[in-house]
Amino acid sequence: MREIKFPIAQKARIVSKIKDYFNDELEQEIGGLEAEFLIDFFGKEISPYFYNQGLSDAHTLFTEKTEEIGYLLQDLEKPVG
């Protein structure tokens with residue numbers, strides 16, 4: 001898995017959300033640099049779990065839809081004999 005790089009504006013929104021969360025839920029203020037370190041930590045250590053779950057979900061959906069297509073193709077078959 002490649003390193004995740006966010007555009008500057010998107011990273012700024014994420015930093016803002018992290019700072020708001022710490023302030024609102026934990027009643028602690030953290031600076032932008034600390035929030036960026038947290039983003040980097042999650043990106044490196046936590047995101048593979050989310051990524052793998054996303055792949056698993058995509059695989060399940062793909063399998064279901066492929067099976068559905070198989071049934072639709074069977075419906076198109078013409079009777080023989």
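A salt bridge is a side-chain nitrogen of Lys or Arg within 4 Å of a carboxyl oxygen of Asp or Glu. With that in mind, welcome to a few close-ups of this predicted model.

**View 1. K11, E36 and D40 are linked in a network of salt bridges.** Start with K11 and E36, whose closest N and O atoms are 3.9 Å apart. E36 belongs to helix α2 and K11 to helix α1, so this pair ties together parts that are 25 residues apart in sequence. K11 also meets D40 in a salt bridge, at 3.8 Å from N to O. Since K11 is in helix α1 and D40 in helix α2, this second pair ties together parts that are 29 residues apart in sequence. K11 is partly exposed, with a relative accessible area of 22%. E36, at 32% relative accessibility, is partly exposed, and D40 counts as partly exposed at 42%.

**View 2. The largest nonpolar core is built from six residues.** Look for V15, I18, F22, I30, A35 and I39. Helices α1 (8–26) and α2 (32–76) each give two or more residues to this core, and α1 gives the most, with three. A good place to pause is A35: setting aside its neighbours within four places in sequence, A35 is in contact with V15, I18, K19 and I30. A35 is one of the buried residues of α2, together with I39 and S47, and the buried residues of this helix pack against α1.

**View 3. E27 sits in the loop between α1 and α2.** Here the backbone does something worth a second look: E27 has a positive phi of about 50°, although it is not a glycine. E27 counts as exposed, with 72% relative accessibility.

**View 4. Helix α2 has a kink at I46.** The kink is about 55° and comes shortly before the proline P48.

**View 5. A salt bridge joins K65 and E68.** This is one of three salt bridges in the structure, and its N to O distance is 3.7 Å. K65 and E68 are three residues apart in helix α2, so about one helical turn separates them. In general, an α-helix has 3.6 residues a turn, so residues three or four places apart point the same way. K65 counts as partly exposed at 43% relative accessibility, and E68 counts as partly exposed at 40%.

**View 6. I69, L73 and L76 form a nonpolar patch on the surface.** Together these residues have about 320 Å² of accessible area. To find your way, begin at I69, which lies in helix α2.

Definitions and conventions
Residues are numbered from 1 along each chain as its sequence is written. This is a predicted model: local features need pLDDT of at least 70, side-chain atom pairs count only at pLDDT 80 or more; totals for chains, interfaces and linings use all residues. Side-chain values use heavy atoms; hydrogens and water are left out. A nonpolar core is a set of buried Ala, Val, Leu, Ile, Met, Phe, Trp, Tyr and Cys residues joined through side-chain atoms within 4.5 Å. Buried means under 20% relative accessible area, exposed over 50%, partly exposed in between (1.4 Å probe, protein chains only). Helices (H or I, at least four residues) and strands (E, at least two) are DSSP runs, numbered from the N terminus. Contact means heavy atoms within 4.5 Å. Patches are made of residues with over 30% relative accessible area and no salt bridge: like charges are joined within 9 Å, nonpolar side chains (Val, Leu, Ile, Met, Phe, Trp, Tyr) within 5 Å. Accessible areas come from the Shrake-Rupley method with a 1.4 Å probe; for residues, only the protein chains shown count as cover. The bend at a residue is the angle between axes fitted to the seven residues ending there and the seven starting there.
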